[in-house]
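Please work through the exercises below with the sequence and the coordinates at hand. Each task is followed by a solution in steps.

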Protein chains: 2
Amino acid sequence: MLGPTELRRLATYSRRTRHCAGETLAVESDEVMGYANVTSGTVKLSRVLRDGRQQLVGLQFAPDLMGRLFSTESPLSAEAATEVELCRVPKEVMEALVLSSDRLKLRLLDQSLKDLDEAREWMVTLGRKSAIERVASVLLLVATRMGGADAQGDIVVELPIGRADMADFLGLTLETVSRQMSRLRHEGVISVQGHRCVVIHDIDALKGRTG
Amino acid sequence: MLGPTELRRLATYSRRTRHCAGETLAVESDEVMGYANVTSGTVKLSRVLRDGRQQLVGLQFAPDLMGRLFSTESPLSAEAATEVELCRVPKEVMEALVLSSDRLKLRLLDQSLKDLDEAREWMVTLGRKSAIERVASVLLLVATRMGGADAQGDIVVELPIGRADMADFLGLTLETVSRQMSRLRHEGVISVQGHRCVVIHDIDALKGRTG
DNA sequence: GGGCGTCCTTGATCTCGATCAAACCAGCCG
DNA sequence: CGGCTGGTTTGATCGAGATCAAGGACGCCC
């Protein structure tokens with residue numbers, strides 16, 4: 001992807017860091033965060049209103065690239081949802097590299113376009129879908145990014161976030177999320193093992209439920 | 001912004017077009033649309049669910065740049081909200097120019113980052129705000145992009161979209177939008193002249209109502 | 001393995017916004 | 001000017017999801 005010169009500079013200046021679930025990664029201040037590649041785990045991006053209402057605005061899975069060039073006007077915060085491994089690059093290094101590397105510019109453009117598509121997709125979910133459609137939508141999203149098949153051919157996912165975060169992602173309350181999960185369970189679409197682990201028995205039914 | 005070579009090529013291949021309110025600009029198929037600079041007027045970007053539910057995912061004002069590089073997975077449609085003037089560039093020309101021009105790459109990155117910020121901002125509105133906060137939020141958005149001051153120092157805006165579109169942008173029904181507009185009117189925050197024209201008397205009160 | 005804290009589920013009730021229905025108004029054209 | 005039409009306002013009722021309140025399950029640590 002990048003040329004040898006860029007790779008060398010990246011290798012020189014980047015640092016791998018490891019963070020446990022719940023740790024704040026403080027993206028909003030570019031100074032602290034710079035840029036980071038998620039190399040394993042899942043990161044939650046969120047915004048909060050003055051009175052404390054919270055909205056998750058994105059989930060970043062490996063190998064997504066996080067961070068913003070040339071300052072950001074919207075104060076996002078980032079938190080490790082699961083145990084996370086990052087490959088961090090200081091802001092100045094990244095900006096210098098970006099200015100000198102075409103590849104990197106395109107990679108960054110590509111990532112931001114992908115994030116934009118996801119954000120707009122989610123706007124439809126938040127603006128127009130019912131509670132059960134929203135819950136089906138997250139499950140499908142997570143299954144798409146993290147799901148693996150088991151012996152029966154069912155899709156198994158370890159949810160990176162709990163019910164409260166699902167609620168904040170979906171614009172619902174955690175009680176409503178829980179109720180809709182139960183509903184999908186009673187319908188036989190999914191089953192749940194120990195709160196965090198979801199087995200999807202009928203992926204097409206789940207897709208049908210996403211609206 | 002761009003060098004003389006790029007400007008010449010742009011001038012050669014770009015075409016100015018004019019569209020009346022309601023006209024479909026069909027962005028979803030890159031072939032047809034290519035890229036376009038909005039030089040005057042306002043464009044609505046929307047997505048619809050299979051059953052017809054619709055969500056506006058963005059408004060593009062002059063001088064925003066519209067369009068996507070290297071294909072898009074999410075089917076957006078674009079429609080002229082008001083009378084619109086575009087400066088269109090065919091997809092292949094734009095892509096070739098982008099590959100050869102650093103300036104243009106950065107301009108494109110900048111636009112997509114701006115769009116991303118707006119989309120995420122709007123996710124908070126859709127996920128966590130009450131009806132009146134949402135209505136106050138659009139009014140503020142439109143006033144910020146299009147508003148002008150009158151003799152009394154009030155801000156006057158000609159709304160680019162009607163109640164139905166506001167509802168689709170806000171994830172509400174048009175009746176609810178109308179009721180909240182009336183509420184802001186009775187509170188003396190705004191007044192309305194002939195459906196489309198809004199006068200904002202107390203911009204701070206309006207900001208306070210955005211949540 | 002048992003106890004405890006946290007997260008999740010389920011139930012009862014309330015509320016905001018949706019839905020259904022009817023007037024109302026602005027702009028337009030004859 | 002007056003009637004028509006499409007968009008808007010307002011009213012009455014309904015319902016999905018929020019809120020309030022227990023109860024239950026998981027998992028962790030001793």
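The exercises treat a predicted model and concern one helix and one interface.

**Exercise 1.** Determine whether the length of helix α4 of chain B agrees with its number of residues.

*Solution.* Helix α4(B) covers residues 102-128, which is 27 residues. At 1.5 Å a residue, the expected span is 39 Å. The C-alpha atoms at its ends lie 39 Å apart, so expectation and model agree.

**Exercise 2.** Decide how far α4(B) is enclosed, and describe a contact at its start.

*Solution.* Buried here means under 20% relative accessible area. Of the 27 residues of α4(B), 19 are buried; therefore the helix is largely enclosed by the rest of the structure. At the start of α4(B), the backbone nitrogen of R103(B) has a side-chain oxygen of S101(B) within 3.5 Å.

**Exercise 3.** How much area do chain A and chain B bury between them, and which three residues of chain A supply the most?

*Solution.* The two chains bury about 4,200 Å², with 59% of it on carbon and sulfur atoms. R120(A), M123(A) and R128(A) supply 19% of the area that chain A buries against chain B, more than any other three residues. The contact involves 46 residues from chain A and 45 residues from chain B.

**Exercise 4.** Characterise the polar side of the interface and the elements of chain A that touch chain B.

*Solution.* Eight salt bridges are counted between the chains. One of them joins D102(A) to K105(B), with the closest N and O atoms 3.4 Å apart. The elements of chain A giving two or more residues are β3, β4, α4 and α6. The largest share, 20 residues, comes from α4(A). By type, the residues on this side of chain A are 20 nonpolar, 10 polar and 16 charged.

Definitions and conventions: Residues are numbered from 1 along each chain as its sequence is written. Chains are lettered from A and ligands numbered from 1 in the order in which they are written. This is a predicted model: local features need pLDDT of at least 70, side-chain atom pairs count only at pLDDT 80 or more; totals for chains, interfaces and linings use all residues. Side-chain values use heavy atoms; hydrogens and water are left out. Helices (H or I, at least four residues) and strands (E, at least two) are DSSP runs, numbered from the N terminus. The expected span of a helix is 1.5 Å times one less than its number of residues. Buried means under 20% relative accessible area, exposed over 50%, partly exposed in between (1.4 Å probe, protein chains only). A polar contact is a pair of N or O atoms within 3.5 Å; within protein, one must be able to donate a hydrogen and the other to accept it, and residues adjacent in sequence count only if both atoms are side-chain atoms. Contact means heavy atoms within 4.5 Å. Buried area is the accessible area (1.4 Å probe) that two parts lose on being put together, summed over both. A salt bridge is a side-chain nitrogen of Lys or Arg within 4 Å of a carboxyl oxygen of Asp or Glu. Ala, Val, Leu, Ile, Met, Phe, Trp, Tyr, Cys and Pro count as nonpolar, Asp, Glu, Lys and Arg as charged, and the others, Gly among them, as polar.
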